[in-house]
Amino acid sequence: MGKTGSSKGAYTAEEAQPYLQTLRVLRARLVGDTNHLADGALNRTGREASGDLSKMPIHMADIGSDNYEQEFSLDLLAAEQATLAEVDSALARIESGEYGACVECGHRIKKSRLNAIPYTHYCIDCATKRDEESRG
């Protein structure tokens with residue numbers, strides 16, 4: 001499949017252009033968010049980052065709260081990184097001329113779905129089917 005959108009459901013380069021811009025903006029935001037979350041999770045407080053350990057919490061509840069906040073930040077970081085990978089995949093599909101074609105059935109993904117989730121791999125029917133199968 002070339003850059004002309006030769007996949008049966010793929011958008012042409014011209015049709016994909018608005019999504020390209022949206023994905024680039026989303027990617028820039030996600031990169032900033034992941035950097036911020038990583039800094040926050042790894043350097044839990046400014047005191048710790050600066051080396052001032054004299055005011056470290058000594059109460060077990062404080063330590064538990066700090067651990068919970070760090071774990072929560074790491075979970076958010078993982079989710080943001082997963083979304084970033086999806087955005088990068090969508091950008092690669094635009095480059096290869098495959099953007100907008102459902103990877104499951106090959107049909108064109110509706111613009112309304114791409115407007116809501118510009119990095120989606122699946123049309124609404126295939127996404128629904130996959131969701132139902134994953135629930136058991």
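**Ile109, Thr120 and the salt bridges of a helical chain**

In this predicted model, Ile109 is placed in the loop that runs between α3 (60-96) and α4 (111-116). With a relative accessible area of 1%, Ile109 falls under the 20% limit and is therefore buried. Leaving out residues up to four places away in sequence, Ile109 touches Tyr11, Gly100, Ala101, Cys102, Leu114, Thr120, His121, Tyr122 and Cys123. A further relation links Ile109 to Ala10, since the two are 99 residues apart in sequence while their C-alpha atoms are 8.2 Å apart in space.

The chain as a whole comprises 5 helices and 0 strands, and its pattern, read along the sequence, is α-α-α-α-α. Of its 136 residues, 29% are buried. Among the contacts between residues at least 6 apart in sequence, 67% join residues that are at least 24 apart. The accessible surface amounts to about 8,900 Å², with 53% of this belonging to carbon and sulfur atoms.

Two overlapping annotations are relevant to this part of the chain. An unreviewed UniProt entry places the feature "domain: Zinc finger DksA/TraR C4-type" at residues 97-130; in the model this span is 38% helix and 0% strand, and its end C-alpha atoms lie 24 Å apart. UniProt also lists, again in an unreviewed entry, "zinc finger region: dksA C4-type" for residues 102-126, a span that is 36% helix and 0% strand and whose end C-alpha atoms are 8 Å apart.

Thr120, one of the residues touched by Ile109, lies in the loop between α4 and α5 (124-135) and, with a relative accessibility of 7%, counts as buried. Its side chain makes a polar contact of 3.1 Å with the side chain of Arg113, and a polar atom of the Thr120 side chain lies 3.3 Å from the backbone oxygen of Tyr122. When neighbours within four places in sequence are set aside, Thr120 is in contact with Arg93, Ile109, Arg113 and Leu114. Of these, Arg93 belongs to helix α3 and is buried yet without a salt bridge, the nearest side chain of opposite charge being that of Glu86 at 5.5 Å. This distance exceeds the 4 Å limit, so Arg93 and Glu86 do not count as a salt bridge. With neighbours within four places again left aside, the contacts of Arg93 are Glu98, Tyr99, Tyr119, Thr120 and His121.

The structure holds 5 salt bridges, among them one between the side chains of Arg108 and Glu15, at 3.1 Å from N to O. This pair links distant parts of the chain, with Arg108 in the loop between α3 and α4 and Glu15 in helix α1 (residues 13-42), 93 residues apart. Arg108 is partly exposed at 38% relative accessibility, and Glu15 is likewise partly exposed, at 26%.

Another salt bridge joins Glu104 to Arg130, whose closest N and O atoms are 4.0 Å apart. Glu104 lies in the loop between α3 and α4 and Arg130 in helix α5, so this pair ties together parts that are 26 residues apart in sequence. The relative accessible areas of 47% for Glu104 and 40% for Arg130 make both residues partly exposed. A salt bridge is also formed by Arg135 and Asp131, with 2.3 Å between the closest N and O atoms; both residues lie in helix α5, 4 residues apart, about one turn of the helix. Arg135 is exposed, with a relative accessible area of 65%, whereas Asp131 is partly exposed, at 36%.

Notes. Residues numbered from 1 in each chain as written. Predicted model: local features only at pLDDT ≥ 70, side-chain atom pairs only at ≥ 80, totals over all residues. Heavy atoms only, no water. Helix = DSSP H or I, 4+ residues; strand = E, 2+ residues; numbered from the N terminus. Buried < 20%, exposed > 50% of the residue type's maximum accessible area, 1.4 Å probe, protein only. Contact = heavy atoms within 4.5 Å. UniProt positions renumbered as here; feature names shortened; annotations may be inferred. Polar contact = N/O pair within 3.5 Å; in protein donor to acceptor, adjacent residues only side chain to side chain. Areas by Shrake-Rupley, 256 points an atom, 1.4 Å probe, with all protein chains shown as cover. Lys, Arg positive; Asp, Glu negative; His and termini not counted.
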